[in-house]
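Subject: Structure for your review

Dear colleague,

Please find below the structure that I am handing over to you. My notes on its empty spaces, cores and disulfides follow it.

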Amino acid sequence: MVAVSPRSSLRSDDGFSLIEMLVALVVTMLIVGTALWLLATDTVLAQAVPHAADLQQRGRLALTLLARDLSAAGAGPAYGRLSGALGRALPPVVPRRVGLTGSDPFNAARADAITILWSPAPGQATETTTAVAGDAPAMTVADAPNCGGVTLCGLTAGTNIAIFDESGRHGLYVVTAVSGAVATLRSLQPAPPSFAPGAVVLPVESHSYVFDTAARQLRSYDGYLSDAVVVDDVVGVEVMYLGEGRPPVRPKPVAGTANCLFDAAGNAVAALSTLAPAGDSLAPLPLDLFTDGPWCGEGDRRFDVDLMRVRAVRVRIRLQSALDQFRATGPDFRRPGSNINPLGGVPDLTVATEVTPWNLNAGR
Amino acid sequence: MESQRRPLNRCDEGAALLLVMMVVLALSGLAFAAVSLADLEGAASANDARALAVSYAAEAAIERAIDDLAAATNWSDVLTGAVSSPLRDIDPRPRAPWADVLDIGAMTAEVQRDADVGVGPDQTRWRVFLAGPLAAMLPDTPPGVLPYLVAWVGDDRADGDGNALADANQVVRVRARALGPRGVRSDREAVLERLASTGVVRVRSRWEPR
């Protein structure tokens, strides 16, 4: 017979006391609860973080494209008459959508749309040698020295061009066909103006950035056939303009002709206001300044001459999370969502840039 | 009486280890996903910052080239290569700050390919005018991987003098390029004219070749 101590018997056979069970249960619950809490928190964050990153990437893309086009705004002909920035003859940025379809009226000024115009090939500037009129005109151009004897100065089918003169009259066209030295054009706006021989011809690109409020998209329109989404889930776009406080002195027509600023004798005919700068050298230009005339140009491309003051552009874009479950309520969310977990919300992101296009400031 | 320990069976071993391992595995997976995403976002941000820096460097390059061209009294000397920018690394294969070797000759040939529309004796012939690291323009900048700058100058074909190495109309073209690590680069081009009346150099047009 082997003597067994009561203690060893308890250890081996007596099970656990209620106290031990409760302590073990509490400790287990604490450990498992902490683990589950960590897991739940991590899961919520892991779901939200990709959407926050997506917001950043969309914001970066929108700003990169806009800033790049704005930087190029106003690049004009390198040779010939009117060589220099486009702003000598027409406004390179206008606060509206412009093009063949869906154009805003010429007297509209929107805070959520901007059209930017520039030349990607300033060396291909030339002049018309025939009158250009109508929606589908034929055009011939001068063999300017910078064209090097190349037919139509290198213009090919599919090239977008601007035709303009000193008065501010301008139109955008696409070259639809080339036959020998004759280019057939299609006007990129309704009711295009007529041009006498000698108007400047220049390859250009036009990009309208427009906030589609219904679809919540920022779109880019090339003025002809391409109208593409830049980024989705945009909840706000605001474009602001800064510029010269002094009234513009261009476009200045050739002697003997008048436009919105000058009579045929070259005398100023419009009394434009002088604006006070806001702390720096540029004055804020309110949108209503662009809707009261005087109007230069013709047809759908008429423009308020105050647009010639623009020297810098500020853009703010507000984006939201694509999914309702990551949006909550409050000032951080333009459109409320269903999220109630403060860790799982992805607040709206506002990105902003200010661009001072070089060609809008040439000669300042 | 001999007490006997009840042999432990599988039901008694508990699931603690298994549970802990599963939780650790799940947390590790989530953490790994988050870190991967952060890495991707970091790389995208770095690429964006690099492209932006190189774009600004291209602006600096063309500004410097314009300044140096304005200081040159005879642009024909520039076109022949007799005069160049004070910032001119004469090594045709310089080593960039990020250790790559740059082939300036190959770059010049590439720029030449899209020099102009048409051909002929007046076609722009690009010649290296400026070459050197941006750091050389910014002597007080802490050492780091700053872009490398190259600028070419060529005669405009509009003077019609039949000689691409002589300036007959006081108009020249300048093209500047900034190069950064991982092949990032940005170009600017401008047409300059020296006004006969004042001698002031004016930029007629300036753009970003795309």
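Which residues line the second largest cavity? Please bear in mind, here and throughout, that this is a predicted model. The lining consists of A:Ser71, A:Ala72, A:Ala75, A:Trp358 and A:Asn359 from chain A, together with B:Glu59, B:Arg188, B:Arg206, B:Trp207 and B:Glu208 from chain B. Its volume is about 90 Å³. Helix H2 of chain A and strand E5 (201–207) of chain B each contribute at least two residues to this lining. By class, four of the lining residues are nonpolar, two are polar and four are charged.

Cavities and pocket

The structure holds three cavities of 30 Å³ or more. The largest cavity has a volume of about 110 Å³. It is lined by 14 residues, and A:Pro91, A:Val94, A:Val98, A:His170 and A:Arg301 lie nearest its centre. Two elements of chain A, E2 and strand E6 (170–179), give two or more residues to that lining. The greatest contribution, three residues, is that of E2(A). Eight nonpolar, three polar and three charged residues make up the lining of the largest cavity.

The largest pocket encloses about 840 Å³ of space. Among its 28 lining residues, A:Ala67, A:Ser71, B:Leu52, B:Ser55 and B:Tyr56 are the closest to the centre. A:Ser71 is thus named here and also in the lining of the second largest cavity. At least two residues of the pocket lining come from each of helix H2 (18–72) and strand E17 (349–355) of chain A, and helix H1 (16–71) and strand E4 (185–194) of chain B. H2(A) gives the most, with eight residues. The pocket lining has 11 nonpolar, eight polar and nine charged residues.

Nonpolar cores

The largest nonpolar core has 53 residues, and A:Ile114, A:Leu218 and A:Ile317 have the most contacts inside it. H2(A) supplies the largest share of this core, eight residues. Beyond its neighbours within four places in sequence, A:Ile114 is in contact with residues including A:Leu66, A:Leu70, A:Val93, A:Val94, A:His207, A:Tyr241 and A:Val313.

A second, separate core of 28 residues includes B:Ala61, B:Leu146, B:Ala176 and B:Val203. In chain B, I also looked at B:Val150, which is found in strand E2 (residues 148–155). B:Val150 has a relative accessible area of 0% and is therefore buried. With neighbours within four places in sequence left aside, the contacts of B:Val150 include B:Ile104, B:Val128, B:Leu130, B:Ala176 and B:Leu179. The C-alpha atoms of B:Val150 and B:Leu179 are separated by 8.2 Å, although these residues are 29 residues apart along the chain.

Disulfides

The count comes to two disulfides over all chains. One joins A:Cys147 to A:Cys153, with an S to S distance of 1.9 Å. The torsion about its S-S bond is about -90°, so the disulfide of A:Cys147 and A:Cys153 is left-handed. Both of these cysteines, A:Cys147 and A:Cys153, are buried.

The other links A:Cys260 and A:Cys296, whose sulfur atoms are 1.6 Å apart. This link of A:Cys260 and A:Cys296 is likewise left-handed, with -65° about the S-S bond. Because A:Cys260 lies in the loop between E12 and strand E13 (283–285) of chain A and A:Cys296 in strand E14 (residues 295–296) of chain A, the pair ties together parts that are 36 residues apart in sequence. A:Cys260 and A:Cys296 are both buried.

With kind regards

Technical notes: Residues numbered from 1 in each chain as written. Chains lettered and ligands numbered in written order. Predicted model: local features only at pLDDT ≥ 70, side-chain atom pairs only at ≥ 80, totals over all residues. Heavy atoms only, no water. 1 Å grid on protein atoms, 1.4 Å probe; cavity = no way out; pocket = protein on both sides within 12 Å on 5 of 7 lines; lining within 4 Å. Points joined across faces, edges and corners; volume = space filled by probe spheres on them. Helix = DSSP H or I, 4+ residues; strand = E, 2+ residues; numbered from the N terminus. Nonpolar A, V, L, I, M, F, W, Y, C, P; charged D, E, K, R; others polar. Core = buried A, V, L, I, M, F, W, Y, C linked by side-chain atoms within 4.5 Å. Buried < 20%, exposed > 50% of the residue type's maximum accessible area, 1.4 Å probe, protein only. Contact = heavy atoms within 4.5 Å. Disulfide = S-S within 2.5 Å.
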